[in-house]
Amino acid sequence: MLDRDIIQNRGVRNVDADGETIGFQFKLRMPNYRGLWGSLIEGVEVRVGDLFWARETPLWTLQGRDFTCAELRTSTDVRWQLDEPATITVPHPGGLPAGVHHLQVDIALQAPYIPAEFQPSVFHAERKVTLL
């Protein structure tokens, strides 16, 4: 079951690979009223305290598959479903320290029925998250 907030309360953790902590992850609920094709996702800006990652930097996991923003834009068979959280992986060597962090995101999405000059739609969310 998804939280009402866009940034989900569960799923905040550091990510390890080959014995090293390479970044951190969290989950996002689709901020729109319906699901969206992956090719319409422009990315997500992430802020944690004074740290910032541009829209293209985080990796997306949708429907069990990992994507960069560039891969999402050329995809034809992946959707961000309304009832499925996206897992966002932010590369950050060493990860985040344990404790409470102020996480902010700006999710940029294209809406096919809105004129190009008003694109993308940006959905802002922020909340305190706890990393154990």
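This report walks through a predicted model of a single chain, from its overall build to a few individual residues.

## The chain as a whole

Let's start with the broad view. The chain holds 1 helix and 11 strands. Following the sequence from its beginning, you meet seven strands, then the helix, then four more strands, in the pattern β-β-β-β-β-β-β-α-β-β-β-β.

The C-alpha trace spans about 40 × 30 × 30 Å along its principal axes. A compact globule of 132 residues would have a radius of gyration near 14 Å, and the chain agrees with this because its own value is 14 Å. Of the 132 residues, 44% count as buried. The contacts tell you how the chain is connected: taking those between residues at least 6 apart in sequence, 65% join residues at least 24 apart.

Now for the outside. The chain exposes about 7,200 Å², and carbon and sulfur atoms supply 52% of that area. As for charge, there are 13 positive and 17 negative side chains. The centres of these two sets lie 7 Å apart.

## Strand E10 and its partners

Strand E10 is a good place to look inside the model. This strand covers residues 99-109, and 8 of its 11 residues are buried, so E10 is largely enclosed by the rest of the structure.

E10 pairs with two strands described here. With strand E4 (residues 41-48), the pairing is antiparallel and runs over 7 bridges. With strand E11 (residues 121-131), the pairing is again antiparallel, over 11 bridges. If you would like to find the E4 pairing on screen, look for valine 46 opposite valine 105 in E10. Next to that pair in the numbering, glutamate 45 has aspartate 106 in E10 as its bridge partner. For the E11 pairing, look for leucine 103, whose bridge partner in E11 is arginine 127.

E4 is itself mostly covered, with 6 of its 8 residues buried. E4 also pairs with strand E5 (residues 51-53), in the antiparallel sense over 3 bridges. Here valine 46 appears again, since its bridge partner in E5 is tryptophan 53. Valine 46 therefore deserves a look from both directions: valine 105 stands opposite it in E10, and tryptophan 53 is its partner in E5. The hairpin of E4 and E5 has 2 residues between the strands, and in it glycine 49 takes a positive phi near 60 degrees.

## Loops with unusual backbone

Two residues other than glycine also have positive phi values, and the table sets them side by side.

| Residue | Phi | Loop | Relative accessible area |
|---|---|---|---|
| Aspartate 18 | near 55 degrees | between E1 (13-17) and E2 (20-28) | 81%, exposed |
| Glutamine 63 | about 50 degrees | between E6 (59-62) and E7 (65-67) | 33%, partly exposed |

The loop between E10 and E11 has a feature of another kind. Proline 120 lies in this loop, and a cis peptide bond joins glutamine 119 to proline 120, with omega about -10 degrees.

## Two residues and their surroundings

Serine 121 lies in strand E11. Serine 121 is partly exposed, with a relative accessible area of 21%. Which residues does serine 121 touch, not counting those up to four places away in sequence? They are Ile107, Ala108, Leu109 and Ile114. Leucine 2 is 119 residues from serine 121 along the chain, and their C-alpha atoms are separated by 22 Å.

Asparagine 32 sits in the loop between E2 and strand E3 (36-37). Is asparagine 32 buried or exposed? Asparagine 32 is buried, with a relative accessible area of 15%. Leaving aside neighbours within four places in sequence, asparagine 32 is in contact with Leu82 and Tyr113. Proline 91 is 59 residues away along the chain, and the C-alpha atoms of proline 91 and asparagine 32 are separated by 26 Å.

How values were computed: Residues are numbered from 1 along each chain as its sequence is written. This is a predicted model: local features need pLDDT of at least 70, side-chain atom pairs count only at pLDDT 80 or more; totals for chains, interfaces and linings use all residues. Side-chain values use heavy atoms; hydrogens and water are left out. The radius of gyration is taken over C-alpha atoms; the globule rule is 2.2 Å times the number of residues to the power 0.38. Buried means under 20% relative accessible area, exposed over 50%, partly exposed in between (1.4 Å probe, protein chains only). Contact means heavy atoms within 4.5 Å. Accessible areas come from the Shrake-Rupley method with a 1.4 Å probe; for residues, only the protein chains shown count as cover. Lys and Arg count as positive and Asp and Glu as negative; His and the chain ends are not counted. The place of a charge is taken as NZ of Lys, CZ of Arg, CG of Asp or CD of Glu. Two strands pair if DSSP finds at least two bridges between them.
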